[in-house]
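Subject: Structure for you to look at

Hello,

Here is the structure I said I would pass on. Please open it and keep it in view while you read the notes underneath.

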Amino acid sequence: MKRIQLTSGDVYLTGYENTDIIGNVLDDLQKNMIADGIVENINETTLDNYYKFPFEPDFNKRIRRDFIIDRLMDIKKIWPWEDKSVDEIVQISSFEHFQHRTEVPHIINEAYRVLKVGGIYKFDFPDVVEIVKKYSNKNNDDYLMELVYGNHKAGGLSEHEYGYTWKSIQLYFDLNKWSLIKKATVEKDYPSIGVWATKIK
């Protein structure tokens, strides 16, 4: 089974090929040393414990961890996998960082191309409507603005380009080719919407 994680950031998923546009690529020797228990990849985790490091809303107080990945990849270009070769794609906390008119359609088209029929594309994004309801008028304006707009502190990679709702996200998918359900992949401490998109033909 081939499973990939897009835009991995500093979370390394066990059993997935972890990819991002930045990061330190693990070579075969390092992977073998980790597998043999000689060294530890402290970033390694599972979907059930995705945020094993407590989330710190204040960007300046967050613990700095390396971006450790298996493959450098720009999600906005043609993906390196063959047609109908992937069983599962996971993309956590990054959908909102891409331009909604050009980049998001490209990402969805590439996901469709590389997934096998029956393959699942799992992604999520902030639920902007519920975030505003939850955090407005609660003396937490900085956190509210970060959830809506991003923190703007990671060299241009952390700004939010657009916001989505369950209704609007469906407009990007051809429902003759995809089946979409609302379902969380990982737990969040703020309102978000998880989507499982299954390729049906």
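The notes below go from the whole chain to the sheet, and then to single residues and salt bridges.

Please keep in mind that this is a predicted model.

The whole chain

The secondary structure of the protein chain comes to five helices and eleven strands. Along the principal axes, its C-alpha atoms fill a box of roughly 50 × 45 × 30 Å. How does the radius of gyration of the protein chain stand against that of a compact globule? For 201 residues a compact globule would have a value near 17 Å, and the chain has 17 Å, so the two agree.

Of the 201 residues, 42% count as buried. The accessible surface of the chain is about 11,100 Å², and 50% of this belongs to carbon and sulfur atoms. Take the contacts between residues at least 6 apart in sequence: 72% of these join residues at least 24 apart.

The sheet

Seven strands make up an open sheet with mixed pairing, and their order is E7-E3-E1-E8-E9-E11-E10. Which strands stand at the edges? They are E7 (71-72) and E10 (178-182); each has a single partner strand, so one side of each is left without a neighbour in the sheet.

At one of these edges, E10 runs antiparallel to strand E11 (residues 192-199), and five bridges join the two. As an example to find on screen, Trp178 has Lys199 in E11 as its bridge partner.

Strand E1 (residues 3-6) pairs with both E3 and E8. With E8 it is parallel, over four bridges, and Leu6 has Gln91 of E8 as its bridge partner. With strand E3 (residues 17-20) E1 is also parallel, joined by two bridges. Here Gln5 is matched with Asn18 in E3.

Helix H2 (residues 103-114) lies across four strands of the sheet, namely E8 (86-91), E9 (115-126), E10 and E11. The helix runs at about 150° to E9.

Asn18 and Leu72

Is Asn18 buried or exposed? Asn18, which sits in strand E3, has a relative accessible area of 0% and is therefore buried. Leaving out residues up to four places away in sequence, Asn18 touches Gln5, Ser8, Val11, Tyr12, Leu13, Ile69, Asp70 and Arg71.

Leu72 belongs to strand E7. Between Leu72 and Asn18 there are 8.8 Å in space, C-alpha to C-alpha, although they are 54 residues apart in sequence. Apart from neighbours within four places in sequence, Leu72 is in contact with Asp20, Ile21, Ile22, Gly23 and Val25.

Salt bridges

How many salt bridges does a search of the whole structure find? The search finds eleven. Some of them are described here.

In helix H2, the side chains of Arg113 and Glu110 meet in a salt bridge of 2.8 Å, N to O. Being three residues apart in the helix, they are separated by about one helical turn. Arg113 counts as partly exposed because its relative accessibility is 21%, while Glu110 is buried, with a relative accessible area of 6%.

The side chains of Lys188 and Asp124 also meet in a salt bridge, at 2.9 Å, N to O. Lys188 lies in the loop between E10 and E11 and Asp124 lies in strand E9, so this pair ties together parts that are 64 residues apart in sequence. Both residues, Lys188 and Asp124, are buried.

In helix H3 (residues 128-135), Glu130 and Lys133 are three residues apart, about one turn of the helix. They form a salt bridge in which the closest N and O atoms are 3.3 Å apart. Glu130 is partly exposed, at 34% relative accessibility, and Lys133 is exposed, at 59%.

Lastly, Lys2, Glu17 and Arg71 are linked in a network of salt bridges.

Regards

Definitions and conventions:
Residues are numbered from 1 along each chain as its sequence is written. This is a predicted model: local features need pLDDT of at least 70, side-chain atom pairs count only at pLDDT 80 or more; totals for chains, interfaces and linings use all residues. Side-chain values use heavy atoms; hydrogens and water are left out. Two strands pair if DSSP finds at least two bridges between them. Contact means heavy atoms within 4.5 Å. Axes are lines fitted to C-alpha atoms, for helices over the stretch in contact, and angles run from 0 to 180 degrees between N-to-C directions. The radius of gyration is taken over C-alpha atoms; the globule rule is 2.2 Å times the number of residues to the power 0.38. Buried means under 20% relative accessible area, exposed over 50%, partly exposed in between (1.4 Å probe, protein chains only). Accessible areas come from the Shrake-Rupley method with a 1.4 Å probe; for residues, only the protein chains shown count as cover. A salt bridge is a side-chain nitrogen of Lys or Arg within 4 Å of a carboxyl oxygen of Asp or Glu.
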